[in-house]
Amino acid sequence: MPAPHRGRARGFSLIEVLIVLLLLGLLAAVAYPSYQYVQERRREAAAVTEIGAMSAALKRIELERRGLPQMLEEAGLGGRLDPWGRPYRYYNVQDNGRGGARKDRRLNPLNTDFDLYSLGRDGLTKPQISQRESADDIIRANNGRFTGRASDY
């Protein structure tokens with residue numbers, strides 16, 4: 001019969017446990033930014049989809065009433081929040097003029113009918129979408145032919 005083991009007990013040493021924890025920490029540090037990037041792209045895609053649906057609803061109302069509403073509440077779209085938890089912004093360009101409309105880098109209005117947009121991740125915006133504060137805004141441009149990040153327009 002073999003003799004029972006005497007001496008050192010089996011198990012992990014403190015050094016081995018610390019090395020495993022270090023490796024797990026490094027793996028998490030590499031994976032977390034990728035996860036954040038994917039989450040941000042998911043929010044942007046959701047905002048693009050919602051702006052498209054709201055645009056279609058506003059166009060239907062325009063055909064039915066022969067004019068656009070002044071506020072989203074009049075269209076039954078008030079109180080809707082973007083994926084970052086802020087209300088969508090709306091401006092009726094047809095009735096209120098180009099003064100309050102979103103503009104491109106040459107100061108031309110993005111739309112001739114209405115502006116509909118989200119302030120994006122940072123919650124900041126400027127009327128001219130080429131400015132830094134507006135880069136992450138999710139906008140509708142060219143009367144609905146473009147919907148996406150302002151920096152991609």
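How many bridges join S2 to strand S3, and in which sense do the two run? That was my opening query for this predicted model. I found 2 bridges, with S2 and S3 (residues 138-141) running antiparallel. Looking at who faces whom, I noted Ser118 opposite Ile138 in S3.

**Entry: the other neighbour of S2.** I turned to strand S1 (residues 89-92) next. S1 pairs with S2 over 4 bridges, again in the antiparallel sense. Here Asn92 stands opposite Phe114 in S2.

**Entry: is S2 buried or exposed?** I went through residues 114-118 and found 5 of the 5 buried, so S2 is largely enclosed by the rest of the structure. I checked each face as well. Phe114, Leu116 and Ser118 are buried on one side, while Asp115 and Tyr117 are buried on the other, so to speak a strand covered on both faces.

**Entry: helix H1.** I followed H1 from residue 14 to residue 65, a run of 52 residues. From first C-alpha to last, H1 reaches 74 Å, close to the 76 Å expected at 1.5 Å a residue. I did spot a bend of about 25° at Ala31, with Pro33 following within four residues. Just past the helix comes Arg66, and its phi is positive, near 60°.

**Entry: what does H1 pack against?** I listed its buried residues, among them Gln39, Ala47, Ile51, Met54, Leu58 and Ile61. The buried residues of H1 pack against S1, helix H2 (93-96), S2, S3 and strand S4 (146-149). That brought me back to S2, where I had begun: S2 is among the elements these H1 residues pack against.

Key
Residues are numbered from 1 along each chain as its sequence is written. This is a predicted model: local features need pLDDT of at least 70, side-chain atom pairs count only at pLDDT 80 or more; totals for chains, interfaces and linings use all residues. Side-chain values use heavy atoms; hydrogens and water are left out. Buried means under 20% relative accessible area, exposed over 50%, partly exposed in between (1.4 Å probe, protein chains only). Two strands pair if DSSP finds at least two bridges between them. The expected span of a helix is 1.5 Å times one less than its number of residues. The bend at a residue is the angle between axes fitted to the seven residues ending there and the seven starting there. Contact means heavy atoms within 4.5 Å.
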